[in-house]
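Colleague: I'm new to this one. Could you walk me through it and tell me how you back up the labels you use?

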Amino acid sequence: MTATQDAHGRAAAGQGQDYDAIIIGAGISGMYQLLRLRELGMKVRVFEAGTGVGGTWYWNRYPGARFDSESYSYQYSFSKELLQEWSWKEHFAPQPETLSYLNYVADKFDLRKDIQFRSRVKSAHYQDRSRTWQITLEDGSTHSARFLITAVGPLSAPTMPRLEGVGSFKGEAYHTGTWPHHPVSFEGKRVAVIGTGATGVQTIQEVAKTVGHLTVFQRTPNWCKPLKNGKITDEEQKKIKSSYDEIFKRCDETYSCFLHTPDPRRTLEVTPEERVAFLEKLYETPGFGMWQGNFSDMLTDREANRVISEFVAQKIRQRVKDQKVADKLIPKNHGFGTRRVPMETHYYEVYNQPNVELIDIKETPIERITPKGIKTTAREFEFDMIIYATGFDAVTGSFDRIDIRGANGLSLKDKWKGGIETFVGVQVDGFPNMMMLVGPHTALGNIPRSIEFNVDWVTSLLKFMKENGLTLAEAKREAVDEWTDFVREKAKGLLSNEIDSWMTGVNLNVDGKSQRTLARYSGSAPDYRAWCDRVARNGYRELAMA
Ligand code: NA7
């Protein structure tokens, strides 16, 4: 405890700079950034709204939550010791296992002593004169630091549906992204799930195992693909632990840092027999293979995408007994892979259960939530529980919920009103000394891989500043323009940018998010890293420094 801190580790206001860096969020990125800045000898404080570490894996405790990426590719890679110590039990780890892993990491590296839990950041204001950030928590305490590092996650601001009567329901109601810590039973209950994205699909297939009666309210069906999860055998474990170098090297080379990479062939250049054999193989391949490892033109050529989509539609028709229901589950407004592909385990078979009903709310829209349940234009339903799997105010939502003001009091929300603009997703002009981890317009994909790169890059920048006695770093306007142009260029020709989803910045439950925008960088991770590496190699000329 320092002279400026109270017994809870809180710094008193108005006594100069309390920390070298303040990190918002103790998820995968915040935890790793804390560790790296400690190595630089910096005094760091992490403010975390939750009561524990883990971020996404702390909050998203909904039934069935799990990795859709291979566990061994979706973890920290920075410590060889950690890699050998931790043994994943399943190829695609369930949320409790991941949260245990992140707690294990926090213990191993003694991270908690610099993390202040139950501390939601309300505002962050840059102070021109002192070149510091003044952070105010919801409890009113203020804290200052030279650097503000946001580790708030791209999918961490849950959104409830914009429906009348949401607060009036008398039964149990949960949003998947803020799932309670106590056990929730579905046994014998009448349960509604609203939303059929990656989260809704995982929830539905789990709830269906024990529920009394389940009603799924679907607005837009998504193309789902079998996960094909399994336990990791002892033999597989040995193999995994001896091949980490190759696993991470492969992730470094692929477009989105996953283990899967597209087949160089074009969909229509092979014979129909070869094509079907390849698609059958992909359908049986665990994880994202069918999405990330398909024919090279799947997401750019309409006819190729149509043919692949028809293959998956056929699978849905085969798996769902009632063909009217199957038809409702087949997407009509977008092709396979153009939105996030939910991974499923017996999801489609759920609709063969006599106690499960699918309501297409494009046909019969929800009019309101009632004290007893849900009223559509066709019927009034009664439920014991409503589960909202309605997603997040993605990418910018977690920033918008904090009053962030840069030089001259400019608010970040206003700055991005006309569209997101960043420098490599890490900095914003007008916001000196603010660094974003997995911020807007950075490479996403296999997120822990992108996080480690982001954190290492920010750490090198801060090291450079320290060694050169610099106290200010701010992206130059032209560097922001150049990066934003590149992001725009990379978005061209991709079918996924022609459909509404969180990836194109659309969330109808949020004001100002009804039109598609340039919400994410859709180029390759290797291109992204090459750009960032070049900037570092050339001494950060794209940043104004003093
Ligand atoms: P998503 O993918 O944004 O899905 C949200 C779902 O909720 C989606 O099916 C929406 O339908 C539906 N939704 C949202 N609002 C409403 C209203 N008002 N009425 C009915 N249905 C609604 O969020 P997830 O949590 O599943 O996944 C987000 C990411 O987290 C995912 O990509 C993973 O990478 C992890 P819509 O499609 O908008 O018609």
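**The ligand and a small sheet**

Modeller: Happy to. Keep in mind that this is a predicted model. The ligand has 19 residues around it, and Thr199, Arg219, Thr220, Trp502 and Asn509 are the closest.

Colleague: What makes a contact between Trp502 and the ligand a polar one?

Modeller: A pair of N or O atoms has to lie within 3.5 Å. In the side chain of Trp502, an N or O atom is 2.9 Å from an oxygen atom of the ligand, so the pair passes the cut-off. The side chain of Arg339 also places an N or O atom 2.9 Å from a ligand oxygen. With Thr196 it is a backbone N or O atom, again at 2.9 Å from an oxygen of the ligand. On its own the ligand has 780 Å² of accessible area, and the protein covers 83% of that.

Colleague: Which kinds of residue make up the shell around the ligand?

Modeller: Eight are nonpolar, eight polar and three charged.

Colleague: Now the sheet. How do you know that strands 14 and 15 pair?

Modeller: Pairing takes at least two bridges. Strand 14, residues 373-376, has three bridges to strand 15, in the antiparallel sense, so the two count as paired. Within strand 15, Glu382 is the residue opposite Gly373.

Colleague: And why are strands 13 and 15 said to stand at the edges?

Modeller: The order is 13-14-15 in an open, antiparallel sheet of three strands. Strand 13 (366-369) and strand 15 (380-382) each have a single partner strand, so one side of each lacks a neighbour in the sheet. From one strand to the next, the twist averages 20°.

Key: Residues are numbered from 1 along each chain as its sequence is written. This is a predicted model: local features need pLDDT of at least 70, side-chain atom pairs count only at pLDDT 80 or more; totals for chains, interfaces and linings use all residues. Side-chain values use heavy atoms; hydrogens and water are left out. Helices (H or I, at least four residues) and strands (E, at least two) are DSSP runs, numbered from the N terminus. Axes are lines fitted to C-alpha atoms, for helices over the stretch in contact, and angles run from 0 to 180 degrees between N-to-C directions. A residue is near a molecule or strand if one of its heavy atoms lies within 4 Å of it. A polar contact is a pair of N or O atoms within 3.5 Å; within protein, one must be able to donate a hydrogen and the other to accept it, and residues adjacent in sequence count only if both atoms are side-chain atoms. Accessible areas come from the Shrake-Rupley method with a 1.4 Å probe; for residues, only the protein chains shown count as cover. Ala, Val, Leu, Ile, Met, Phe, Trp, Tyr, Cys and Pro count as nonpolar, Asp, Glu, Lys and Arg as charged, and the others, Gly among them, as polar.
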